[in-house]
Amino acid sequence: KYMKSPSRTMWEQPWRYAEAFAIPVALLLGAAGFEFVTGKAAPTISFPTNVVILLVLINAIILLHAASAKNTIIRWFSSIPASIGALTFFLAVSLIMALVPQQEHPHSLFLFYNVTSSWLYYVATGYLLIVLGMVSVRRLLPVSKKNIGFFLNHLGLWITITAATFGAGDIEKYTMSVREGATEWRVMNTNNTIQELDFAIQLKDFEIEEYPSKIGFVDMRTGDVLEKNRKKAIFELDTIHGIRYNEYVITIKTYYPTSMFYVQDYFPLSDIGATQSYYIEVTDTKRNKIYSDWIGAASMSQPAKYLVLPDSIAIVALQPEAKKFSSRIRLYTKEGSTTDTIVEVNKPITCNSYTIYQTGYDENMGRWSETSIFELVRDPWLPIVFAGIFMMIAGALYIIWFGRTSKTKENYVESI
């Protein structure tokens with residue numbers, strides 16, 4: 001007969017996966033409870049506080065590694081179960097950010113609506129950094145070729161998460177508004193305080209391209225766009241097949257990208273305040289009637305024009321959406337250098353450690369805007385984040401190369 005192994009109780013050495021997940025759950029409940037009781041977000045740490053805390057964290061990891069040689073519980077925190085538990089905890093918190101829309105300044109429930117400002121995020125990140133740091137140090141010593149790839153991967157991940165978390169409080173964000181022909185060196189921060197930069201931006205020209213105005217069916221009694229099957233009755237321009245909605249079939253007879261209304265018709269003009277317009281023909285298949293007229297989007301100098309149908313329904317040309325807008329600028333630095341360049345949406349430029357983004361314009365003026373709005377961002381920890389990412393890439397490449405080399409040597413020995 002086989003002897004039954006004695007049943008193992010939780011928290012009995014050696015710890016395994018049950019404890020690996022129990023500890024993060026306890027930390028989660030503790031952080032969430034603290035936040036509910038205080039009703040306050042975690043404080044934003046910035047220089048030099050973040051550097052002091054980081055140095056304390058690094059020293060704590062080194063001391064814990066030294067103590068792990070004589071303490072099995074401390075040594076367990078550098079084990080595979082502890083690593084999986086810490087990483088799962090961190091990913092679960094990160095998943096909240098992906099599933100719940102984040103707000104910049106929520107009144108409460110920071111752990112849901114502004115995760116990076118919650119105590120839960122700091123606890124999850126701190127626990128992961130301790131475990132990941134202990135794993136990295138454990139595999140560093142003794143130094144061997146076999147451990148280099150593993151060490152680069154894990155240390156790179158540690159550096160990336162650390163720099164992104166501890167550097168968040170040092171990120172500077174400013175807004176700059178510049179008119180065509182003007183030169184500006186002053187910016188406004190999030191507290192609406194004006195500051196001066198060590199470089200200036202002159203706006204040479206602002207350009208905007210628009211999509212064709214969409215056509216919508218609106219209830220004139222409420223001003224709301226009609227819906228069908230929970231989908232709004234808004235349609236893209238289709239000059240070939242036309243547009244169909246319920247019993248109405250719209251045929252686009254004429255389309256002017258820029259036009260002005262005079263008396264009864266739109267005329268193709270590109271003057272300031274010109275708008276998009278359509279001459280449409282609407283077939284009412286239910287009543288066997290045909291309606292036709294001009295519709296046009298509103299602009300800074302012209303009201304919107306729409307076609308009224310029975311049952312208080314109107315066909316309107318909606319405000320055109322921006323397809324692309326960009327600014328042709330000249331940068332001046334205190335050193336006396338000048339640079340001509342173009343800033344586009346999703347194509348930022350850099351100057352004196354600042355990244356300059358094209359974010360907006362005078363929407364009341366629309367395509368005739370003479371003002372360009374930029375966002376200037378400075379992140380002093382970003383190079384460290386990139387360094388961590390490059391370390392992870394180097395570690396992955398090393399593991400692939402080392403594994404391939406080892407396999408080649410094994411095959412060579414076997415052939416002999």
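**Salt bridges, sheets and cores in a predicted model**

Glu247, Asp284, Arg287 and Asp311 are linked in a network of salt bridges, a salt bridge being a side-chain nitrogen of Lys or Arg within 4 Å of a carboxyl oxygen of Asp or Glu. The model is a predicted one, in which local features need pLDDT of at least 70 and side-chain atom pairs count only at pLDDT 80 or more, while totals for chains, interfaces and linings use all residues. Residues are numbered from 1 along each chain as its sequence is written, and side-chain values use heavy atoms, with hydrogens and water left out.

Within that network, the side chains of arginine 287 and glutamate 247 meet in a salt bridge at 3.8 Å, N to O. This pair links distant parts of the chain, 40 residues apart, since arginine 287 lies in the loop between β11 and β12 (289-296) and glutamate 247 in the loop between β8 and β9; helices (H or I, at least four residues) and strands (E, at least two) are DSSP runs numbered from the N terminus. Arginine 287 is partly exposed, with a relative accessible area of 28%, whereas glutamate 247 is buried at 19%, where buried means under 20% relative accessible area, exposed over 50%, and partly exposed in between (1.4 Å probe, protein chains only).

The whole structure holds 14 salt bridges. One of them joins the side chains of glutamate 370 and arginine 179 at 3.1 Å, N to O. Glutamate 370 lies in the loop between β18 (354-361) and β19 (371-378) and arginine 179 in strand β1 (residues 172-179), so the pair ties together parts that are 191 residues apart in sequence. Both partners are partly exposed, glutamate 370 at 37% relative accessibility and arginine 179 with a relative accessible area of 49%. A salt bridge is also found between the side chains of lysine 347 and glutamate 344, at 3.8 Å, N to O; here lysine 347 counts as exposed at 52% relative accessibility, while glutamate 344 counts as buried at 17%.

The loop that carries glutamate 247 leads into the strand pairings around β9, where two strands are taken to pair if DSSP finds at least two bridges between them. Strand β8 (residues 243-245) is joined by 3 bridges to strand β9 (residues 248-262), and the two run antiparallel. They form a hairpin with 2 residues between them, and asparagine 246 in the turn has a positive phi of about 50 degrees. Tyrosine 245 has tyrosine 248 in β9 as its bridge partner. In the antiparallel sense, β9 also pairs over 9 bridges with strand β11 (residues 275-284), where tyrosine 279 is the bridge partner of threonine 254. A further antiparallel pairing, of 4 bridges, joins β9 to strand β10 (residues 265-268), with tyrosine 262 standing opposite aspartate 265 in β10. The hairpin of β9 and β10 has 2 residues between the strands, and valine 263 in this hairpin takes a positive phi near 65 degrees.

Elsewhere, 4 strands form an open sheet with antiparallel pairing, in the order β7-β4-β14-β13. Its edge strands, each pairing on one side only, are β7 (234-235) and β13 (307-309). Strand β13 is joined to strand β14 (residues 313-317) by 3 bridges, and these two strands run antiparallel; leucine 309 stands opposite isoleucine 313 in β14.

The helices bring the account to the interior. The largest nonpolar core has 38 residues, and those with the most contacts inside it are Trp76, Phe77, Tyr127 and Trp158; such a core is a set of buried Ala, Val, Leu, Ile, Met, Phe, Trp, Tyr and Cys residues joined through side-chain atoms within 4.5 Å. The elements giving two or more residues to this core are α1 (17-38), α2 (49-67), α3 (72-76), α4 (80-99), α6 (119-140), α7 (145-166) and α8, and α6 gives the most, with 10 residues. Leaving aside its neighbours within four places in sequence, tyrosine 127 is in contact (heavy atoms within 4.5 Å) with Ile23, Pro24, Leu27, Trp76, Phe77, Ala86 and Phe89. A second, separate core of 21 residues includes Ile201, Ile208, Cys351 and Ile356.

Leucine 128 is found in helix α6 and counts as buried, at 4% relative accessibility. With neighbours within four places in sequence left aside, its contacts are Ala86, Leu87, Phe90, Gly133 and Ile161.
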